[in-house]
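Okay, thanks for squeezing me in. I'll walk you through one small set of slides, so let's put the model up.

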Amino acid sequence: MEQQTFEGTWEEILLRTSELTGRRVKLIILTNETPSDASTDTLDKLLQGRVGQVNFQPANLSERTSEAFADILSAKYDPSS
């Protein structure tokens, strides 16, 4: 059977009791970080120096991400260049 991941507060996980009864589970206690505590770094800051530079407007990000990363990786690892 495919593994599933559930994330939430203990109370939210308990709502799945009937679904999880009798099943093996693994519990990992996460830090108390909430979405409002999460870092506000942008994608380009997080990837800086790791992959390359993405040069297009953020409005196109969802449409062009795969293409941009493919271009960056092929340019970086192309043996002919």
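**A quick tour of the chain**

So, the protein chain has four helices and zero strands. Reading along the sequence, you get the pattern α-α-α-α. Keep in mind that this is a predicted model.

How confident is the predictor? Mean pLDDT for the protein chain is 75, with 62% of the residues at 70 or more. Going element by element, helix α2, residues 17-20, comes out with the highest mean pLDDT, 90. Helix α3, residues 43-47, has the lowest, at 69. And the usual caution applies: where pLDDT is low, don't read the predicted coordinates in detail.

Next, burial. What share of the 81 residues is buried? The figure is 6%. The accessible surface of the protein chain is about 7,800 Å², and carbon and sulfur atoms account for 52% of that.

One of the buried residues is leucine 20: its relative accessible area is 18%, and the cut-off is under 20%, so it counts as buried. Leucine 20 sits in helix α2, the element I just mentioned with the highest mean pLDDT. What does leucine 20 touch, once you set aside its neighbours within four places in sequence? Phe6 and Val25 are the contacts there.

Now over to the outside. There's a nonpolar surface patch of about 480 Å², and the residues making it are Trp10, Leu14, Leu27 and Ile29. Take leucine 14 from that group: it belongs to helix α1, residues 10-14. Is leucine 14 buried or exposed? Somewhere in between, actually: leucine 14 is partly exposed, at 41% relative accessible area.

Last stop, charges. Side chains of opposite charge can pair when their charged atoms come close. How many salt bridges do we count here? Just one salt bridge. The partners are arginine 16 and glutamate 19, and their closest N and O atoms are 2.9 Å apart. As for how covered these two are, glutamate 19 is partly exposed, with a relative accessible area of 36%. Arginine 16 also counts as partly exposed, at 32% relative accessibility.

That's my tour. Happy to go back to any of the slides.

Note on methods
Residues are numbered from 1 along each chain as its sequence is written. This is a predicted model: local features need pLDDT of at least 70, side-chain atom pairs count only at pLDDT 80 or more; totals for chains, interfaces and linings use all residues. Side-chain values use heavy atoms; hydrogens and water are left out. Helices (H or I, at least four residues) and strands (E, at least two) are DSSP runs, numbered from the N terminus. Buried means under 20% relative accessible area, exposed over 50%, partly exposed in between (1.4 Å probe, protein chains only). Accessible areas come from the Shrake-Rupley method with a 1.4 Å probe; for residues, only the protein chains shown count as cover. Patches are made of residues with over 30% relative accessible area and no salt bridge: like charges are joined within 9 Å, nonpolar side chains (Val, Leu, Ile, Met, Phe, Trp, Tyr) within 5 Å. A salt bridge is a side-chain nitrogen of Lys or Arg within 4 Å of a carboxyl oxygen of Asp or Glu. pLDDT is the predictor's confidence in each residue, from 0 to 100. Contact means heavy atoms within 4.5 Å.
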